[in-house]
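Reader: Could you take me through one part of this structure up close, with the cut-offs spelled out as you go? I'd like to see how a strand pairing ties in with the packing around it.

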Amino acid sequence: MQLFIVFAVTLLCSLSVSAFTKKQLLEHELQVVPSPSLVLSVQNPPADIDNVFWLTLKARAAFFRGDIQAASSYFDVVKYSVQDAPLQLSSGYWFLYRAFFSIEQGDLDKAKQYINQARLSFTHNKATDFLIRTYAMEAVISVWREEYSFALKSLQSAQSFMSRSNSELDSITKLMVYDGLTAYYSTLKFYVKALGYAHQAQELASKHNNILDGLPVKYNLCLTLLRAQLIDKAELCYQQMHELSEQHNLPRYQFWSLSGLGKIALSKKDFGKAIASLKAAQESQQNAIINPAHIIVLHNNLAYAYSQVKQFDSALAQIVQSKSVLKSYHSPLNNRYARQTLKIEADVYQSKQDLPQTISTLRTYIKLLEDNTAQSQERLELNAIVGTSVFDRKDLQMRASQQSSDYNSSSYQRKDQELTKAYIIIGLLITILLVVVVYYRHSRSNLTKVLHYKDLNTGLYNRRYFIEQFERITNNGLDYAMALIEFDTDNTGDYDRSICSEKEVKFAAEQLSMQFRDDGDLVCRVSEREFVILCQGMKKPVLQKRLSVLQHFFTAQKQLHPINFSGALICSEEGDFGNIFAELESRLIHVKRTAHGQVVAF
């Protein structure tokens, strides 16, 4: 009898906990998204709402507004309840949006842990809508971590669930997927695709009056327009965002809009306006923005603007603040933002004509490049020569000091000799300084070219160089055949197939360079495992045969280098596709799905 009572009580408790259904959750969420500020003004949740879900909604609303402390507090209040019942639907909802909050905190590892917990919860509850959201959020986290292959896998999983769903998906889920696709393609510079998804997400948000998810979508749209150099459209977008942020009193989006307008002013070389906008963004940043990456970029943009109007002390003060944030920023992106900061610092010192500080800063900048990529012989030579010059000069200065001391203590007969030596040393110092200036300017120009146009690991040209060469070829009306190929390991599992080490990629690049070394051939590395081969005056069948020969070679070498590749071809005879990368990427995705390991001429 006692066992029966215990069982009954347990059953009733489990029913009460799980009584909050997915349908109820979606209905309550749709009531909140048009006016999230109303949630913050309500103290007690409605009788039929789960407390974990209710406080997560309040945390989202506070985060959206820019009250980071309140958002963190709301998340923490129910943290232990979530830990006690991690598989509940409302717990999954908490994990999902806590992961998004961790991105703002700059803790990408924690964000990944939360998103994995969210997936377990939604899988357990068979909540397809929220599982799709989880994959979309996971893609955003992977983009932040610069793990683009994993981001693409997550987005493909989300799209696969969307296509297989028997029921109509809610608008917020669709919007999150479109927004994730926007972030992915915008980061990889496929701006046509990114803008297409951004506009779809924007239409969904407008149609359902969803301001809670709509303004983040607006942010990605504005950012993509700016990256695509559609300056006038980007400026209008940021102005609209600023009006909305003022209308609804949203400091977080005041920051984004003012920061964006500042970047646009920088691109137009209106540095006074840029400083005004960026300083206004800095004032609205307090408690609204805590992501170290965003704060570093703001300081760096201000430093650049100040340097252009010759306010060097103000510029260096912003650099100091950037470096202070970088010390506590433990992220895969740390190296990138540190290099950006050092590059601006070197430009400031150069404008000040402070040569020793310029050289010192550039040496640190180059060291970070070496830490981030394979060693480059050109950079090593620059580092060695500049370093030798600096140390030689310090040595000469020490000798000058010693000679001066000897002069004061020597006899009258040696004074003329010591003075002559001092003049010689000064002359040597001036000569070395002039040589360093000339060499630095020449080396800086060469280094800039290498950084802009070369992939430092493989030595091949990069996407930027390819785009410029392709534009030249098309503008001259030259015939060409082109292939986009992607390398992977020769394994059967989809997950294993995605892993391809930098060592294998470098080997593949060497073979490509040997196979395509004619005057009209160009091989470029355009992403982690993707290469473009452009052959002037060649037909597709000929290019396909040359790639087939390369595939046979890799097959013969698979014991030492178990790699393979899939590829898609295109040629000038097919006409103008607008964004050639987007078309080739679409074809390659089709090949990988239907004929993996082959090169297909459409």
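Author: **A strand pair and its surroundings**

Leucine 522 in S2 has leucine 534 as its bridge partner in S3. Before going on, note that this is a predicted model: local features need pLDDT of at least 70, side-chain atom pairs count only at pLDDT 80 or more, and totals for chains, interfaces and linings use all residues. Residues are numbered from 1 along each chain as its sequence is written, and side-chain values use heavy atoms, with hydrogens and water left out.

S2 covers residues 521-525, and S3 covers residues 530-536. Strands here are DSSP runs (E, at least two residues), numbered from the N terminus, and helices are runs of H or I of at least four residues. The two strands run antiparallel and are joined by five bridges; strands count as paired if DSSP finds at least two bridges between them. Together S2 and S3 make a hairpin, with four residues between them.

Now for the packing. Five of the five residues of S2 are buried, so the strand is largely enclosed by the rest of the structure. Buried means under 20% relative accessible area, exposed means over 50%, and partly exposed is in between (1.4 Å probe, protein chains only). Asp521, Val523 and Arg525 point one way from S2, Leu522 and Cys524 point the other way, and all are buried.

Phenylalanine 466 picks up both strands' residues in its contact list: leaving out residues up to four places away in sequence, it touches Met482, Leu522, Cys524, Val532, Leu534 and Phe581. Contact means heavy atoms within 4.5 Å.

Phe466 is also, along with Tyr184 and Met482, one of the residues with the most contacts inside the largest nonpolar core, which has 145 residues. Such a core is a set of buried Ala, Val, Leu, Ile, Met, Phe, Trp, Tyr and Cys residues joined through side-chain atoms within 4.5 Å. Helix H9 (residues 128-144) gives the most to this core, with 11 residues. There's a second, separate core too, with 25 residues, including Leu512, Phe531, Leu547 and Phe565.

For contrast, take a residue in a helix. Alanine 280 sits in helix H16 (residues 271-285), and at 24% relative accessibility alanine 280 counts as partly exposed. Alanine 280 and phenylalanine 255 are 25 residues apart in sequence, and their C-alpha atoms are 7.8 Å apart in space.
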